Each structure stands twice: as structure tokens, then as C-alpha cells.
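Me: Please take a close look at one part of this structure: the open sheet in chain A. Walk me through its strands and what packs around them.

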Amino acid sequence: MASTPTSALRIGLIGAGMIGSVHAEAYRHIPGAKLAGVWDADLLRAEKAARPHGATAYARREDLLREVDAVDICLPTVFHLENIEAAARAGKAVICEKPLGRTVEQCDRAIAACRAAKVPLLVGHVLRFFPEYVALRANILNGSLGEPAVARLRRVVCPPGPVGSWYWDYGVSGGCVFDTGIHDLDWLLWTLGRPRTVYGVGHFIAPQLKDVALLTLTWSSGLLAHLEVSWCHDTFSTSYEVSGSEGLIECDLQDAVALRVVSTAGGATGGSAVPESPLAKSPYQAELEHFIEAIRGRAKPIVTPEEAREAVELANACLQAVKTREVVELPARKGSRKPKAGAKGGKRMPAAHPE
Amino acid sequence: MAKKVRIAFLSFAHMHANGYAGELRALPKGSVEIAGIWDRDAARAKKMAKLLGTKAYAKREQLLARKPDGAIVCSENVLHKEDVLAAAEAGCGVLCEKPLAPTVADCRAMIDGCAKAGVPLMTAFPCRFLGTLMRLKERVDGGELGQVLAVSATNHGRQPGGWFADPKRSGGGAVMDHTVHVADLLRWLLKQEFTRVYAAAGFNRFALTRKAVGKRAVDDAGLLSLEMSGGTVAALDCSWSRPAEYPTWGDVKLELIGAQAVARLDAFRQRALLASKRTGKQVELFWGDQAQGGLGGAFVKVLAEGLAPPITGEDGLRATEVVEAAYRSIRDGSPVVLAG
């Protein structure tokens, strides 16, 4: 298929919520793809998302599936599996928002369904497409930091939905650790490999819409990581700092306000500031462009389904640690040649010379 | 007019001694006098005495025989106990550099020794006197944060080298050196005690450590997870992770996540950046302030007015309790429960 608009990949958006709208907007800027249809349990919402893009809103999912080449699933996590299976049965390529599933078992079934149907499965771990995290990864891999020693990651947001929304059903969303923290957990797995233990402290207080966790991860190499995730903040923000034997790299989104326009029209009562960190191409667009190329067989997927599954496994281990207030040891990776690490809780000697 | 307070310095092994000496010299003329300096390193004693216009003593007992009102102990961590008890026995009030001692048992012995001698014992947690921290304390006390759910904190530093990198003299590495500041700040700000401690550490992770320690293994990376009696949870990064090329020595940062508000404090954020041939690299210049007279001034006030120390030996012990639990957790790989 040529990448001209006439032969554009027809995308069916499943789920027209917050991230669905972000994806819909991104497709507008991707020549190789066209948002063809939208399905949502709420038809009005589907129509609202479809209209600005000249796409069709569908009342029934199977009607959408007939009219598209690929689906983009932007639903609450627990509905991912059922929709992945439906798309796979229809022979459609699948783009699925992170997390792939709420459980590893759901991930396994999703992966099996796509494999059986021979359709690609691409999971939206969009952090891999954020330029500041791309730069971070590059400077770890190119040796600027020497051996990584301590990674600090922070991801704080305001409460993602009102009382009663699926986010606040802990079993469904997994709270901030699972739904928000999985971005950084995936990034850690991708860049620094599989940790050996996780531990965490936190609070989940649904009536007050407060959820926060502070996680510690350790690796056999002696590497440590700290991840702060919160749904208690007034605004979205992230930061990172990775120190290694030979150097340190850090970035705080709050310092990355490249453009600030402050209205003075309000006079003495003050105006409103609109801070910006402008990028020519949003990371969501970069991600979806890559996924389209992967579906066309012109790019090797940057995110594999197995990696998305591992992120779900790690996020669940973190949840378990916070819940039990005990160290959770990750089993050695399936097929890994490394033996399962030592005693409970991981007694270890000083790692003066990391492997 | 209150009588002049005479203060002896017992060792300049810890560089904070310079800061305390500076604070004393900045106090109103006639209110305080440095009675003399004793140091196990005789050359250092002589050098500092010359610098500060006082007398160097070859023996601790000679200086203590001069009957100073107070003693500031800035020796290597494992020697605090010996020096504090000697000063107490000589009838001196004591300001002891943090950590009060590397073990809870030593802290207890020092508290008991000072109580028996009837002299005040103050632990040096200078962060409490920083302007930024005092302002945060005001706002936390005012209640605007609501229930504090979680605190994410860092006390980063650069590998200090010397005796700090020798656990035989320091009692431990980064976890020993950089846990107690934040542990004390959290107790002070939140009026809660620690109930559960988990810690993970890395040893000889940084080039500066490898250069400083030779064949020894020293913890230079550390992450602590803490639970407190009022339900607050906290995480602390105490790593000596700042490379030589970094523009500043480290940081003290606290992010308090409350039910009503979030407070993000960078205690040394008030700074200017200098890039110069003279300094050779970018340097951050702190221009923030601290309480009048600082920690040294507060100690003088304790001695002059017979007040109870604003930071007690018990405060020092509580912070060391966290350190001891952290090392146990690092050894066992599981959390440690404290009495609270």
C-alpha cells in the first residue's frame, strides 16, 4: 500500500473518551491513516468524536469492524481483552491503549488471540515516544552515565475522573500505580531491564479521590529506582533523574515551560497564564505514525505485546507490594537463563562490581 | 548583660564545624567566645585556632579543664560518644554534630550521660534553621495541607571522601550520612514517629566513591521507604549521587502531598548560577537565609539562658533509630518495624 491519503489505513476508534479524542486528533496529521469510524457505548459521544474528522459514528461494534482496516482501542483497561478478541476475529490489526490488560492472564489471552488471527497488536506505551524520555534512554545506552545507579521517576496528575468513574474502582483501574505508573514501569523495563524486587508505600482513599504511592525497585545489578505516582496533584507533571557511576541526567517538566503567555487583560485582578512546551509533533502522533508503519510491515514495532504484558506483570507486583507492605520478588523471566534470585526479600552482598 | 558564653570545639573532622564557628563569630560582640580547639589531628587544630583567633590544645582534657560552658563536638561519627561524655563529665553543655551516634545504644548512653551530669545535649540538625524550612513548618502548622498522606524527599550529596567513606569511622555511608536530616525534618514537621522502615542500598556505585574507598565497600546509593505513626508514608533518596561535574553539592527537597494541598520545597533553590574561568565549571551560589545566629546561635542561647535545647538528644536518637533500621532492612531485604 502506498502512503497516499487515498490509500490511507482506515482506523476504527473504539472508545471516545479522553485518550480517544487525543488519538482522533493525532490521526488528522498522519497521512498514512484516516479515522474512518468511531464506536462507543455512548453513541452521542461517538458522534461528537467522529464529526470533526468526517468519520462515521457506529452504534454497533461489528458494523465498525466491517468498515475499517485497523482498530484503536481506547477503553477502560478491563474492556481491552474483549475488544481485542473481537477485532482479531474480524482480522483487523489492533492498536490498544496501555495497560494491555488488568491482569497477566488477560494479556496472555489478548496476545494469543492476535497471534492466532495473525494480526499485529500494538500497545500504546507512549512514553517511549516522548522526546525527553528518548533523550534519557539514549544517554543511558550511550554510556554518558556509566553504569546506572539510581533512577528517579515522578508522574503526578490530578484525579483522573470524578467519583464514580472507572478510575476510582481500584479493581478495575488499579489506581495510580497501575494506570499511571505503568508508563514509567514500562520505560524502566525497556531501558534498564527487569527488576528483581519491588516495594512500596502509599494511600488509596477513594472517597477523597486521593491516590499516591512511592515505589522502590531493585535490580540484580545493584541498580535502584524510585517511582512517585500520584492522583493527588493540581496538574500533570513528570520528572526524572538518573545518576550513574560517571554522570547524572535530570529533567523536570515544571522547568520545561518554554513559552509562557500571560494575559494582562484582567488588570489588577490578574490574568491567566498559559504555559507551553511546544512540539512540532505530539508524542501521541509519533506513536501512532509508528504503529501505522508497523501495521503496514514497514517498521519493526518499538513496543512488543510481550513487553506490554511484562509491564502489566510489574505493575501488579507493585500494587501487591503497596497492599501487603512487603517486598515482592519478581520471578525470573520466562525462558530467562538467569536463575531465580536468592532468599526471600533478597539478601544480597554489596554490588561493588555490577554484572 | 548576660555573661559571655565560652565554647570549646572538640574536633573539626566534620566540615560543619566551620559553619558553627562562623555563626558564633557573627553573634553580638561580647556574647560568646571560642574557648579553644582540640582535635585528634593536631595540625588541623592549630590551623583552625589560627584562623579563628583562639588556642589549640593538644589534649582534650586540657581544654575541658579550662571550664568552658559548652562544647561543640564535630569529630568522626563513631567518636561522638567518647567526646560528648568527656564534655558532659567536665560540666559542659554539648552540641553534637549529626548523626548523634551511629547506633541507638550509643545515643542512649550519651543522653543518659548528659542527664546524669546535668548538662544540656543538643543534636545538630541545621536544616531546621533554614529560612525555607521554617516557612514550610509555619504553613504545615497552619493546617493548609490537611492530612499529609505522603512525602517524597531527597537529600542528595556528593561523595564527601575522607573518613565519611570509611565505615569504621563513620558507621556507614550515604544512608548514615544523609538519612538523619530528613528523618528529623519529618518528625519535626509532622509530629509523628517512624513505625516501619524499608531500605535498599547500592555499594560503590559512583566513580567518586570507587576512588575514595579503595577496597572497602561503602553504601553510596540508598532509597528508604518510611511509615509514620500518623499514617504519613515517605520515601527518601539519600544517595551520594552528585558527580564532580554537577554544579552543586547536593540538595534537600521535600514534596508533601496533603489531602488539601501539595507543598514542594527545594531548600537551596534560592541560588544564582555562576559560570567562570575562575571556578572552572558552573557553580550554584546559595543566597537564601537561615534563622538569626543559626544552630550555633541557638546553642549559645541554651547555655546563656539555661533553656532546654530546641533539638534534643532524644531527637538525635530517633533519627539514628531510622538509620539503624535502614541498615537492618538492607541486610535482611525486608521492612523493619519500629515501636513508634
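Reply: What follows goes through the sheet strand by strand, then turns to its helices, the core, the rings and the sheet in chain B. Keep in mind that this is a predicted model.

Start with the layout. The sheet in chain A is open and has seven strands. Their order is S12-S11-S7-S10-S9-S8-S15, and the pairing is mixed. Strands S12 (247-252) and S15 (328-329) of chain A stand at the edges. Each has a single partner strand, so one side of each is left without a neighbour in the sheet.

Take the S12 end. S11(A) and S12(A) run antiparallel and are joined by six bridges. Ser243(A) stands opposite Leu248(A) in S12(A). The connection between S11(A) and S12(A) is a hairpin through two residues.

S11(A) also pairs with S7(A). That pairing is antiparallel and spans eight bridges. In it, Leu153(A) has Tyr240(A) of S11(A) as its bridge partner.

How well covered is S11(A)? Eight of its eight residues are buried. In a regular strand, side chains alternate between the two faces of the sheet. On one side of S11(A) are Ser237(A), Ser239(A), Glu241(A) and Ser243(A). On the other are Thr238(A), Tyr240(A), Val242(A) and Gly244(A). All of these are buried, so both faces of S11(A) are covered, buried here meaning under 20% relative accessible area.

Now the other end. Strand S8 (residues 197-205) of chain A meets S15(A) through two bridges. These two strands run antiparallel. Val328(A) in S15(A) is the bridge partner of Val198(A).

Helices pack on this sheet. Helix H9 (residues 181-192) of chain A touches S7, strand S9 (210-218) and S10 of chain A. The direction of H9(A) makes about 160° with that of S7(A). H11(A) packs on the sheet too, touching S8, S9 and S15 of chain A. The direction of H11(A) makes about 65° with that of S8(A).

H11(A) leads on to the core. In soluble globular proteins, nonpolar side chains tend to be buried together. The largest nonpolar core here has 100 residues. Leu100(A) and Leu188(A) touch the most other members. Helix H11 (residues 305-324) of chain A gives this core its largest share, ten residues. Leu100(A) has contacts well away in sequence, including Pro305(A), Ala308(A), Arg309(A) and Val312(A). Leu100(A) also touches His80(A), Ile84(A), Cys107(A) and Ala110(A), among others. Apart from this core lies another, of 76 residues. Among its members are Ile7(B), Phe203(B), Phe299(B) and Ile311(B).

Next, the rings. There are 14 aromatic pairs over all chains. One of them is Phe130(A) with Tyr284(A), edge-to-face, 6.1 Å centre to centre and with 80° between the planes. Phe130(A) lies in the loop between strand S6 (121-124) and helix H6 (131-141) of chain A, and Tyr284(A) lies in helix H10 (residues 283-295) of chain A, so the pair ties together parts 154 residues apart in sequence. Phe130(A) is buried, at 17% relative accessible area. Tyr284(A) is partly exposed, at 24%.

A second edge-to-face pair involves a loop that follows a strand of the sheet. The ring centres of Tyr167(A) and Trp231(A) are 5.9 Å apart, with the planes at 90°. Tyr167(A) sits in the loop between strand S7 (148-156) and helix H7 (170-173) of chain A. Trp231(A) sits in the loop between strand S10 (224-230) and strand S11 (237-244) of chain A. The pair therefore ties together parts 64 residues apart in sequence. Tyr167(A) is buried, with a relative accessible area of 17%. Trp231(A) is buried too, at 0%. Both belong to one aromatic cluster, along with Trp166(A), Trp168(A), Tyr170(A) and Phe204(A).

Finally, look at chain B. It has an open sheet of seven strands in the order S12-S11-S7-S10-S9-S8-S15, with mixed pairing. Strands S12 (262-266) and S15 (336-337) of chain B stand at its edges. Strand S11 (residues 253-258) of chain B pairs antiparallel with S12(B) over five bridges. There, Glu255(B) stands opposite Arg264(B). Helix H12 (residues 313-332) of chain B lies across S8, S9 and S15 of chain B, running at about 55° to S8(B).

Key:
Residues numbered from 1 in each chain as written. Chains lettered and ligands numbered in written order. Predicted model: local features only at pLDDT ≥ 70, side-chain atom pairs only at ≥ 80, totals over all residues. Heavy atoms only, no water. Core = buried A, V, L, I, M, F, W, Y, C linked by side-chain atoms within 4.5 Å. Buried < 20%, exposed > 50% of the residue type's maximum accessible area, 1.4 Å probe, protein only. Helix = DSSP H or I, 4+ residues; strand = E, 2+ residues; numbered from the N terminus. Contact = heavy atoms within 4.5 Å. Phe/Tyr/Trp six-rings, centres within 6.5 Å; stacked < 30°, edge-to-face > 60°. Pairing = 2+ DSSP bridges. Axes fitted to C-alpha atoms, helices over the stretch in contact; angles between N-to-C directions. Lists of a residue's contacts leave out its neighbours within four places in sequence.
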